[in-house]
Amino acid sequence: MSITAADVNKLRQMTGAGMMDCKKALTEADGDFEAAIDFLRKAGQKVAAKRAENATNEGVVLVALSADHSNGKLIALACETEPVSKVPDFNNLAQSILDAAVKSHAPSVSALLAEPLSDGRSVEGHIIELTGKIGEKITLAAYENIDAEKVVSYIHSNNKIGVLVAFEGVEGTDVTEVGKDIAMQITAMKPVALDKDGVDAETIQREIEIGKDQARQEGKPEAMLEKIAVGKLEKFYRESTLLNQQFVKDSSINIRQLLEQTQKGLTISTFKRVALA
């Protein structure tokens, strides 16, 4: 059957796909709009499969806090290139995914991918469709969902780094300002864990081996390498675990001491840092 310009434009309005893609889809589907939409979605799957190994270092990070700030959600929608991260369709989809997370309280990335958006199709389906439309890999790179007495959020100015900090023991204290300071510290200083006991065994062993190698290169006796490496590990804890890091605004105290000064018994139960890079 003959495919008119009006038909192509109608499909374009329905899907947001390019004019030539819409014409091809309608031609393949013999003018059947539902079949043409399916064709476009399958094309998106093919693009996604073809670009599966491509790096996605660009995109946008968004956060949402509940009205009482007892829950925080963070999503990162990633793409391959910066221009795509500025496209309205990309940013609209990111916001829709965050809205779906807020509505559903999805417990994981896989659960959020299965959540329906306003048209009933899943988050994953929308991502595949936009992948086909734009022509580069798009992925839900991260999703965090935390509860606490008080959650404070921070999005860095480039919209590529987001942080959630969960506070307990607030007891009526307004922790917004100190929370922002700590969230900004997490953004800049990239702690690997909240405290020493949160550092995984593999990281600890790697740091010990690095410490031994450094001491060996400095000519230290082999019998002393383990002791020296353990000493260097303590320095690693001070630099790389949040509660033991020096506060960037006042190096005379660490974050644990900052919390105690702010409110006796104030603690951080967890933090989440997501970065596209």
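Is E171 buried or exposed? The points below take up this residue together with other features of the structure, which is a predicted model.

1. E171 is exposed, its relative accessible area being 61%. The residue belongs to the loop that runs between β5 (161-168) and α8 (176-189). Its phi is near 50 degrees, which is a positive value in a residue other than glycine.

2. D30 may be read alongside E171. This residue sits in the loop between α2 (19-28) and α3 (33-50), and its phi, near 55 degrees, is a positive value in a residue other than glycine. D30 is exposed, because its relative accessible area of 57% lies over the 50% cut-off.

3. The largest nonpolar core comprises 23 residues, of which I75, L77, F90, I97, L112 and I127 touch the most other members. Two or more residues of this core come from each of β1 (58-65), β2 (71-79), α5 (88-104), α7 (123-134) and β3 (138-147). The greatest contribution is that of α5, with seven residues.

4. L112 deserves a separate entry, as one of the residues that touch the most other members of the largest nonpolar core. When neighbours within four places in sequence are set aside, the contacts of L112 are I75, I97, A100, A101, A106, V123, L140 and Y143.

5. A second core, separate from the one containing L112, has 22 residues. Among them are F167, V175, L243 and F247.

How values were computed:
Residues numbered from 1 in each chain as written. Predicted model: local features only at pLDDT ≥ 70, side-chain atom pairs only at ≥ 80, totals over all residues. Heavy atoms only, no water. Core = buried A, V, L, I, M, F, W, Y, C linked by side-chain atoms within 4.5 Å. Buried < 20%, exposed > 50% of the residue type's maximum accessible area, 1.4 Å probe, protein only. Helix = DSSP H or I, 4+ residues; strand = E, 2+ residues; numbered from the N terminus. Contact = heavy atoms within 4.5 Å.
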